[in-house]
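Dear colleague,

Here is the structure you were due to receive. My notes on what was found follow below the model.

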Amino acid sequence: IMSTRCKTNIFFSLLLLGLVWTLPASSEEIALDHIVAVVDDDVVMASELEQRVADIYARLKNSETEIPAESVLVPQVLERLILERLQLNRAQRMGIRISDEEVTQAMEKMAESREQTVAQMIEDAPQSGIDLTSLRQQLRNEITINRVQERAVNRRIYISEQEVDNFLASEEGQQWSSPDVNLGHILLPLSSGASRADVAEVEQKVRELYEQLQNGADFKSLAIAHSGAQDALQGGDLGWRKTTQLPSIFVSAVDKLSPGDVSMPIRSDAGYHLLKLYDRRGGGEQIVQQHKVRHILLKPNEIRSEDDTRTMLEGMRADILGGADFAELARKHSEDIGTALGGGDLGWSLPGQFVPEFEQIMGSIDTMAISEPFRTQFGWHILQVTERRRQDFSDEIKQRQAENIIRRRKFDEEQQIWLREIRDEAFVDIKL
């Protein structure tokens, strides 16, 4: 009769033999996916790269844009995935979390841009080949990356009063009715420590691209294939912008362009740029609609969840609609330290003063109405617009507008430099 120990040894031997027999099949399954890049302690899988390339090919086909060769597109997409990984990992270390509510709001904006409701978009998803779980994750990642860029890049930006005064005193600063321009952008990046050989190589490449564009090459296709900017995979499209919102090195170049023209190569600390002017419009006197607004802010924490925070604000909103005093509730409960003692009063709004979500609600709500709770990067809010007025730029508004313009320019410049720095600092092993 076998001992218990003997029976146990036989059992584990048979189990091990069974695992060995199953290895070939498992190996075949694993081979279907593999690592294409190691990014610090993370990886990019072949399936991710293939899916992103397929999505871009589909989008280019639908937009009737010339499709670059796979040998050109794949490395470009992989580089974008590597940068995304680096930024998402930084966001995790910084404790940045995006709520389901914020993702849902992003879906609502996407549906609105397609002139649909979210329900219609969900219903059409199977026919459109859209995986809703993947879409929500993609939107979450995009919001996260925007958030980490805002925090990381804004820390690098300092604007002095003298800079604002100098801007306002300049000819450009006095031309508030500057036109809008619709631009395309190609960036060939160079790190600050690039060797002469690297600089010469990039200079040669940018001259070749400029010649191709002068000979009728498609700007969007070249941007997708060669640009290192964040907008590369959108064909380098910067969209409509005020000339005063462009990096200062772009302004004089754009002023010399007619619609359809491409600029000469422009050198900055981030590398070499090419710009295409698609169209120009605008000008005229600018009258700003201002809002006198107050709000109550609550922040989710370890004790109070997102849902609990929103529910508390819904209760406060109901109390105010039932006759409770907004200012008194703000003094008791608002977690915006700077405004709570003043009853949540934010004063008269200035252009670009608040984050987009706040400004969207502020601009759409009726005077004296109480908004539904809504989420921004700072927490959950309810707000009330107590007055509105339209007036030309006052000195105070001009100061704030000038500061915003300078910040936007510095942000665009610092963003590209910061991305190049985190890429240079990272351990990246590409296995294509």
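How much area does the protein chain expose, and what share of it do carbon and sulfur atoms supply? The protein chain exposes about 24200 Å², and 49% of that is supplied by carbon and sulfur atoms; accessible areas come from the Shrake-Rupley method with a 1.4 Å probe, and for residues only the protein chains shown count as cover.

This is a predicted model, in which local features need pLDDT of at least 70 and side-chain atom pairs count only at pLDDT 80 or more, while totals for chains, interfaces and linings use all residues. Residues are numbered from 1 along each chain as its sequence is written, and side-chain values use heavy atoms, with hydrogens and water left out.

The protein chain has 15 helices and eleven strands (DSSP runs numbered from the N terminus: helices are H or I, at least four residues, and strands are E, at least two). Of its 432 residues, 41% are buried (under 20% relative accessible area, 1.4 Å probe, protein chains only).

Four strands make an open antiparallel sheet, ordered β8-β7-β10-β9; strands pair if DSSP finds at least two bridges between them. β8 (345-348) and β9 (374-376) each have a single partner strand, so one side of each has no neighbour in the sheet. Three bridges join β7 (residues 288-298) to β8, and Arg 294 has Asp 345 in β8 as its bridge partner.

Helix α12 (residues 326-333) lies across β7 and β10 (379-391), at about 50° to β7 (contact means heavy atoms within 4.5 Å; axes are lines fitted to C-alpha atoms, for helices over the stretch in contact, with angles from 0 to 180 degrees between N-to-C directions). Helix α14 (residues 356-364) lies across β7, β8, β9 and β10, at about 55° to β10.

Regards

Methods. Buried means under 20% relative accessible area, exposed over 50%, partly exposed in between (1.4 Å probe, protein chains only).
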